[in-house]
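Here is a short set of exercises to work through at your own pace. Keep the viewer open and try each task before you read its solution.

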Amino acid sequence: MLAGLPKAPSSYNPVANPKRARVRQLYVLRRMRELGFISPDELEAAHNETLHVKRDINDFGTHAEHVAEMARQIAYDRFQEDAYSMGLRVFTTIVKADQDAAYAAVQRGVFEYDRRHGYRGAEAYVDLSGPDADRDENLEELLQDFDESNGLKPALVLAADDKLVRAFLRGGETITLGGDAIKFAARMIDNKAPANKRIRRGAIIRVMKDSKSAWQIAQLPEVEAALVAVNPSDGTIRALIGGVDFNRNKFNHVTQAWRQPGSSFKPFIYSAALEKNYSPASIFPDEPISVTAEETGSQAWEPKNYDGKYEGPMTLRTALAKSKNMVSIRLLQAIGTHYAQDYVTRFGFDADKHPPYLTLALGAGAVTPWQQVAAYSVFANGGYKIEPYIIKKIVDSKGDVLAATQPVTAGTDNLRVIDARNAYIMDSMLHDVVRRGTATRAAAVLKRNDLAGKTGTTNDYVDAWFCGYQPTLVAVTWIGFDQPKRLGNGETGGAAALPMWISYMEQALKGVPESSMTKPDGLTAITATDPSSNREVQEFIYQEHLPAIVEEKPGPNPSFPLGGPGTP
């Protein structure tokens with residue numbers, strides 16, 4: 001079987017073309033007999049032997065191609081070319097159940113996004129003219145340049161009208177599609193469809209099996225996505241999906257993609273403000289604002305809220321839950337852009353990728369999902385900066401350990417980067433994002449009270465994020481195009497990225513009991529009124545900030561917080 005591959009690896013691939021591979025295999029065996037390399041008995045034995053070909057990803061373990069490539073790079077960096085001849089075994093931190101759940105979540109999220117934005121048309125066209133055009137051998141040859149991708153099989157259309165599509169699959173199977181199976185692509189089957197997109201004889205399309213194992217028309221996704229999950233206590237990566245399909249795109253979006261974080265960056269600005277005498281009860285106006293070119297570093301700026309609505313004065317807690325841009329900008333004005341730029345480096349962000357302008361409040365800098373999952377771990381674990389890692393150990397062919405990671409766990413004083421009280425208050429505010437803010441879908445689906453996080457949507461819907469956690473697990477999801485462009489109207493973090501996070505967490509948190517952060521010493525409870533809802537709420541503030549709050553007098557300048565720092 002292997003000896004038959006070099007002539008045409010795609011054509012004689014036993015996974016994709018079992019019938020053709022078998023014919024080629026028998027030809028090789030026959031030639032070996034003719035040339036005297038094997039006896040008649042050996043030929044007969046080989047003919048009768050059953051080859052067990054691994055056809056399904058489950059035969060190979062799990063979808064972790066980006067993880068495997070990271071492991072290879074780490075081994076090569078340490079051992080250079082010897083890495084390929086030492087019989088090394090690399091053990092990762094990945095948990096199979098988590099990785100499987102993450103892969104399924106990303107595939108489902110991308111598939112659903114793709115369906116929302118319609119069918120784009122035929123992938124390519126091949127020539128089906130000539131008397132032998134419909135012979136299986138010819139059809140197999142025409143399909144050999146189109147590889148399967150995550151269950152999306154290439155199919156060559158033999159005939160098509162508005163009711164039925166008949167197509168040939170690699171391996172000799174011919175399928176007929178109609179009704180719901182072609183509904184997604186219906187507008188491209190119509191005679192009025194663009195000639196270079198229409199499904200007609202000779203078109204290459206994609207088909208996949210639905211939940212009932214019935215074939216339906218689909219398409220290769222153009223959008224990319226990523227998911228990474230970590231244990232916030234010690235940094236072990238439990239799942240990592242670096243892209244939609246490693247075989248089509250080996251770029252690792254978790255570690256290599258520098259993208260704007262959008263509103264998912266706001267919690268770090270709020271955390272900085274807590275150290276400047278502000279509290280969740282501080283009141284800021286949610287009103288339009290105009291910023292000069294000098295303040296932005298480029299040109300005059302009139303930012304808006306996502307929905308274009310303004311609700312007047314509100315507490316910081318409500319503003320974060322509703323992701324109010326005007327409040328975030330005013331808060332950054334109040335604490336200072338240079339201070340905020342320096343403060344966010346505590347979480348592992350690069351100062352040079354977050355210029356000290358007011359656009360920092362809306363996440364106009366650049367981050368990777370790897371940085372985001374490490375940064376949100378600081379809120380989840382009570383204020384400690386852990387270093388995510390994916391390799392447990394590397395052993396040689398004898399089982400001797402050649403290298404091993406020695407993780408440092410949260411709780412070690414020298415790892416603390418923010419005050420425990422800051423972490424506790426931010427944790428409380430991020431819980432409200434899930435309870436009553438832009439991520440309520442997570443609480444509704446998962447039915448847990450220990451979830452926290454923040455949605456992120458960049459300007460013009462270019463990037464969508466959800467960064468969230470349960471005390472034992474932090475996960476970040478992202479979706480966007482490699483060449484940045486609009487995801488489409490309404491494709492916010494809550495609509496495009498949050499469903500992937502929910503799908504993953506639904507599996508990863510099965511059997512995990514609910515838990516919560518212990519309130520640290522040094523906090524004082526106050527009763528405050530939220531003017532946006534006229535309801536009284538209890539908030540915690542730093543004890544040493546209480547005198548400043550009591551003595552502060554309301555200020556008249558609407559560009560800054562009504563009442564100044566910490567006004568209840």
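**Exercise 1. Around K392**

Leaving aside neighbours within four places in sequence, which residues is K392 in contact with?

Solution. Before starting, note that this is a predicted model, in which local features need pLDDT of at least 70, side-chain atom pairs count only at pLDDT 80 or more, and totals for chains, interfaces and linings use all residues. Residues are numbered from 1 along each chain as its sequence is written, and side-chain values use heavy atoms, with hydrogens and water left out.

- Step 1. Find K392 in strand β12, residues 391-395. Helices (H or I, at least four residues) and strands (E, at least two) are DSSP runs, numbered from the N terminus.
- Step 2. Look for heavy atoms within 4.5 Å, which is what contact means here. K392 then meets F91, T92, T93, A403, A404 and T405.
- Step 3. Check the accessibility: K392 counts as partly exposed because its relative accessibility is 46%. Buried means under 20% relative accessible area, exposed over 50%, and partly exposed in between (1.4 Å probe, protein chains only).
- Step 4. Go on to P407, 15 residues from K392 in sequence; their C-alpha atoms are 9.2 Å apart in space.

**Exercise 2. T236 in its loop**

Work out whether T236 counts as buried or exposed, and what T236 touches.

Solution.

- Step 1. Locate T236 in the loop between β8 (224-230) and β9 (237-241).
- Step 2. Read its relative accessibility, 14%, so T236 counts as buried.
- Step 3. Set aside residues up to four places away in sequence; T236 touches T93, A229, V230, N231 and Y389. T93 is also among the contacts of K392.

**Exercise 3. Two packed helices**

Describe how helix α13 and helix α14 pack.

Solution.

- Step 1. Two packed helices are described by the angle between their axes and the distance between the axes.
- Step 2. For α13 (residues 369-380) and α14 (residues 420-436), the angle is about 105° and the axes are 8 Å apart. Axes are lines fitted to C-alpha atoms, for helices over the stretch in contact, and angles run from 0 to 180 degrees between N-to-C directions.
- Step 3. The two helices are therefore roughly perpendicular to each other. That word covers 65 to 115 degrees.
- Step 4. Pick out the contact: α13 brings Y376, V378 and F379, while α14 brings A423, M426, D427 and L430.
- Step 5. Sort these residues by class: six are nonpolar, none is polar and one is charged. Ala, Val, Leu, Ile, Met, Phe, Trp, Tyr, Cys and Pro count as nonpolar, Asp, Glu, Lys and Arg as charged, and the others, Gly among them, as polar.

**Exercise 4. The enclosed space**

Find the largest cavity and say what lines it.

Solution.

- Step 1. On a 1 Å grid over the protein atoms alone, a cavity is a set of points where a 1.4 Å probe fits but cannot get out; lining residues have an atom within 4 Å of a point.
- Step 2. The structure holds one cavity of 30 Å³ or more. The largest cavity has about 100 Å³ of space, a volume being the space filled by probe spheres set on the points, with grid points joined across faces, edges and corners.
- Step 3. Its lining has 16 residues, with E65, H66, Y103, I241 and G243 nearest the centre.
- Step 4. Two or more lining residues come from each of α4 (65-79), α5 (96-116) and β9.
- Step 5. By class, the lining has seven nonpolar, seven polar and two charged residues.

Key: Parallel < 35°, antiparallel > 145°, perpendicular 65-115°, else oblique. 1 Å grid on protein atoms, 1.4 Å probe; cavity = no way out; pocket = protein on both sides within 12 Å on 5 of 7 lines; lining within 4 Å.
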